[in-house]
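This report covers the packing of nonpolar residues, one sheet and the cysteines. The chain is shown below.

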Amino acid sequence: MKRYTFTLKTFLLALLAIHLSGCTDLEEEVIDEVLGGESSDPESAVAAAYGKLGDATFVDHGNVFALQEYSTDEALLPTRGSDWGDGGKWRSMHEFTWKADNAVVTTTWNNLVSGITKSLTAIQSVNADESFGERELFLAEAKGLWAFYTYHTLDLFGQAPFRNPFGKNAELQILQAGTAIDSLITEVESLVPELAELGSQSTHNGRFTKQAAYALLADMYLNRSVYKDRYNTSSGFNFREAAVDNDGTDMDKVIYYTSLLIDGNFRLESNYFDNFAIGNSGGSELIFVVVQENDNMRNSENDFAYMPTGRNQKTSPNNRGTNGSCITGEFYNTWEGNFDDPRFHRYYRYGDGTWFMNDGSTGSVPAEDVVPGSNGLPWFHFNRGLLAGQQYGPTLTEDGDFEMTADGRIKVNMLYMEKTTTLPMDFTPELDFSNPAQAVFSQTEINRGVRVFKYEFDPENGNGTSNVDIPLYRLGGIYCMRAEAYFRNGDNAAALADINMLKTSRTREALFDNEPGKPVTTLTEEVLYNEIGYEMYWEMYRRKQMIRFGTFDDAYTAKPQTEPYLRVFPIPQETIDVTEEFSQNQGY
């Protein structure tokens, strides 16, 4: 699909102005003073509401990603020697020791509430300006963004602030997930007629279109029963409750809305990793994304690639990873028997036919690509997917350049850890913490943990900006939602067909004759659970999935068996202290 630009010529300029002037800091302002404040001009207000998607909230590893992934068996950020201690805030996400004063929890809350605030301001501003072009469309988009931010706040925290943007001096209200989810669904359903079809009216997948609304509605219906019975000790959620409008059940609605997307103009990518590649903006299965462009016009992040990459894994001489996050051995072991799945790993092939095998057999690769805007710095391409075992790649000379062969190719060497230079960069599935209850490695253990190279590491500006759009909803995830809904409805044949559509649509590289993924013959709950993990790992999806399937409370790497109240995070203490309308969540 082609990307279109806004017809509002000043949109990007407004976004730039907002970026330069700074955003609302909810750590410094009381919520009830911010929500429903004075509106700005419509263009700036809409730009600000969209901008908050990419202003750390959904692109920085320490925000929504941390709460949705580091709390699961798919990802963790352990303390590695002298790195990533930070008062224990990162490993607390995996050890389930967070409290109401946890900095990661507080930052995520503040950013989501800022998104709510900016969306309400945009609604108020657009509604007030009757001369504003495409007023009805932009009003619907602003309402859609409000619903999106509010949904994620309710999902993570069980509560969300709201002030009626159409009422003068309206009181601050605190929405509760169990009751607010129904009104939120009704609101988004009412927006659909006013929203644009993706690609019409100058829209692209970075804007909230009808298709984004369908995806959000499917997501809300899939998780609705959880919010209505959040602390259910048996995880026996009523997934087949009557839908909000009493037309079918929750799962029927998931099937309805996902089918609108599956039967639409989207198509599954045969190369799974194209969904997460540099320049993926026109991807055929991307429904709603955080637009990221390395153009200094907006904030963007390389975090999802930068965090798991080793410091001595360099895509250019001026770039490196940070040796941070990894996956657990439990999640890695679910792939047993599926290591040939096209979503598990993909080798990179250079233009002259050289395959980077990452096993010591590739002595060099051509220096055929250069980093944009770098005066000719060579660009090295790592393989994609899950990287385990000894790692290989370029190393630097004393002058700080890639070591090259006599004929001008990039030399490939065995890699060692940067901070413990005699320690091979050998990424092991087993984490083996000295204290099983603490995700802490000594300096001689910092190489442990299989790394996720799902998102392409943009080498242009180090760990700063990126040209990889971050998928919020994509077709692969929509198939997972529909398969789960079919399964919970008792239609195993339809669920199996959707899972196999995902598996067989993805193909391996030419090294393996573009072999498609192998279908499964029988779909049990465990197989479905694992297949969703294969498709959606590291996409801010796992926590919700684990709660629905009743595995979130289980013990896994550095995590003990936990109580149901930890399925939601606490309202930050600083918010409780200054906003009397909030009450702390159960258990905190």
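## Strand pairing

Two strands count as paired if DSSP finds at least two bridges between them. In this predicted model, strand E9 (residues 384–387) and E16 meet that requirement, with 3 bridges in the antiparallel sense. One residue pair across these strands is Leu-387 with Arg-451, the latter being its bridge partner in E16.

Both strands belong to an open sheet of 3 strands, ordered E5-E9-E16 with antiparallel pairing. Strand E5 (345–346) and strand E16 (451–453) form the edges, each pairing on one side only. In general, strands of a sheet pair through backbone hydrogen bonds, either parallel or antiparallel.

## Nonpolar cores

The largest nonpolar core contains 140 residues, and Leu-53 and Phe-58 have the most contacts inside it. Helix H7 (residues 135–157) supplies the largest share of this core, with 13 residues.

Leaving aside residues up to four places away in sequence, Leu-53 touches Phe-58, Val-59, Leu-145, Phe-148, Tyr-149, Phe-288, Val-290 and Leu-472. Apart from the largest core lies another one, of 11 residues, including Val-365, Phe-382, Tyr-392 and Phe-453. As a general tendency, nonpolar side chains in soluble globular proteins are buried together.

## Cysteines

How many disulfides does a search of the whole structure find? The search returns 0.

Cys-326 has 0% relative accessibility and therefore counts as buried, the cut-off being under 20% relative accessible area. Cys-480, also with a relative accessible area of 0%, is buried.

Notes
Residues numbered from 1 in each chain as written. Predicted model: local features only at pLDDT ≥ 70, side-chain atom pairs only at ≥ 80, totals over all residues. Heavy atoms only, no water. Disulfide = S-S within 2.5 Å. Buried < 20%, exposed > 50% of the residue type's maximum accessible area, 1.4 Å probe, protein only. Core = buried A, V, L, I, M, F, W, Y, C linked by side-chain atoms within 4.5 Å. Helix = DSSP H or I, 4+ residues; strand = E, 2+ residues; numbered from the N terminus. Contact = heavy atoms within 4.5 Å.
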